[in-house]
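Here are my notes on this model, set out as numbered points. Please read them with the structure open.

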Amino acid sequence: MKKGLGKIAFILSLAVGLAACGSGQTNQPAQPAGEQKPAEQTASAGNQPVEIRLGGGFASEEPFWLMQVDPSLTPNQGKSYTLNITQFRANADRLNAYQANQIDIASIGQGATMLAASQGIQLKVIGSVVKDSPGKGFNTKFMALKDSGIKSMADLKGKVIGIPDFKAPTDLWARAAVRSAGLDPDTDVKYAVIPIPSMGEAVKSKKIDVGVFPQPFFETANASGEFVEVFNSKTGVNVEEDFLVMMANPDFVTKNEQAIKDFLSDFTNTVKYYEENGEAARQKLIDAKKVQADPALYVKMTDNNRSVDGTVNIEAWGKIQEMLVAEKWLDKPVDPNTIIDMSYLPK
């Protein structure tokens with residue numbers, strides 16, 4: 001049993017490593033195993049809407065939060081489906097809840113999804129939540145103090161880079177960037193695990209030399225005038241990533257096809273609104289207290305790229321998988337076509 005749990009923890013270490021920076025929702029525990037609802041729940045009994053139990057996080061999931069805040073964006077919600085979002089501070093808890101059939105869909109990292117599939121976990125990727133794209137939208141920054149003496153990538157030799165977790169996307173970005181500078185990521189630099197909310201203070205107190213700053217933490221650090229960018233998420237990983245995807249229970253999706261289609265239709269409609277009305281959308285989240293951040297910075301921030309139609313970039317998945325294999329993080333490659341199913345997205 002311990003071996004199985006360790007494997008789950010390893011899988012989720014590659015999931016999104018952004019902690020508690022976005023939503024102001026209460027972190028509710030997953031539904032107890034004794035009360036879990038079966039995946040075969042349908043709307044057939046009395047034409048009741050299907051409850052979709054979604055396990056999410058606290059960062060980069062604005063469209064999900066908007067679906068709760070502004071029902072006008074989701075005409076199918078309350079009719080064919082209802083949306084029950086449980087937020088998890090720990091990514092391992094999200095996959096544990098998924099395997100315990102306590103959630104039907106998990107918002108989870110691209111690499112973690114491939115690792116989970118390689119371990120035999122049954123899943124289906126039905127859409128993209130947020131991307132990290134070269135030259136489009138925000139790319140996560142790695143920053144140092146302006147007076148640190150780090151003027152170029154070559155100056156990273158002997159330095160300590162802060163990341164939220166090992167074998168996480170941030171870890172891959174850091175290692176790839178170090179390699180791009182002709183340095184060895186295993187011997188020329190060191191790494192320290194630092195929670196994202198504590199990253200800025202860790203750099204300022206010189207516990208680490210370089211830290212990773214996703215939104216909205218980048219806006220806060222940048223506004224202080226104390227930091228300078230050393231590299232970003234695309235410096236060494238110059239491909240588009242589906243940073244977060246919707247990983248769904250295949251049985252639940254198959255048995256509730258129309259509800260899933262309606263949910264994804266509402267989701268893509270919300271993403272379209274968010275992309276076209278970013279500031280107004282983020283202000284709605286601030287007003288509804290769904291996000292705890294400096295309003296002046298959060299509302300006007302540059303956000304990551306998103307797929308308006310919900311599609312994932314299958315070709316890029318292959319490229320990311322090659323990197324995971326090269327890092328020896330993934331032993332058994334997975335054919336993305338066997339786990340990605342975009343047929344439920346609006347045509």
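1. Asp266 touches Met67, Leu73, Thr74, Pro75, Asn76, Gln77 and Tyr81, leaving out residues up to four places away in sequence; a contact here means heavy atoms within 4.5 Å. With Tyr81 there is also a polar contact, side chain to side chain, at 2.7 Å. A polar contact is a pair of N or O atoms within 3.5 Å; within protein, one must be able to donate a hydrogen and the other to accept it, and residues adjacent in sequence count only if both atoms are side-chain atoms.

2. This is a predicted model, in which local features need pLDDT of at least 70 and side-chain atom pairs count only at pLDDT 80 or more, while totals for chains, interfaces and linings use all residues. Residues are numbered from 1 along each chain as its sequence is written, and side-chain values use heavy atoms, with hydrogens and water left out.

3. Which side chain of opposite charge is nearest to Asp266? It is Lys79, 8.8 Å away, and Asp266 has no salt bridge although it is buried. A salt bridge needs a side-chain nitrogen of Lys or Arg within 4 Å of a carboxyl oxygen of Asp or Glu. For charge, Lys and Arg count as positive and Asp and Glu as negative; His and the chain ends are not counted. Buried means under 20% relative accessible area, exposed over 50%, and partly exposed in between (1.4 Å probe, protein chains only).

4. Asp266 sits in helix 9, which has 20 residues and reaches 29 Å from its first C-alpha to its last, close to the 28 Å expected at 1.5 Å a residue. That expected span is 1.5 Å times one less than the number of residues. The buried residues of helix 9 include Ala259, Ile260, Phe263, Asp266 and Tyr274. Helices (H or I, at least four residues) and strands (E, at least two) are DSSP runs, numbered from the N terminus.

5. Ile52 belongs to strand 1 (residues 50-56). It counts as buried because its relative accessibility is 0%. Beyond its neighbours within four places in sequence, Ile52 is in contact with ten residues' worth of surroundings that include Tyr81, Asp104, Ala259, Ile260 and Phe263. The C-alpha atoms of Ile52 and Asp104 are 6.3 Å apart, with their positions 52 residues apart along the chain.6. Most residues other than glycine have a negative phi, and most peptide bonds are trans. Lys206, in the loop between helix 6 (199-204) and strand 8, has a positive phi of about 65°. Lys328, in the segment after helix 12 (314-326), has a phi near 65°. Lys206 counts as exposed because its relative accessibility is 62%, and Lys328 is exposed at 69%. A cis peptide bond, with omega about 0°, joins Gln215 and Pro216.

7. The mean pLDDT (the predictor's confidence in each residue, from 0 to 100) is 86 for the protein. Helix 1 (residues 2-12) has the lowest mean among the elements, 41, and helix 9 the highest, 98. Over residues 1-40 pLDDT stays under 50.
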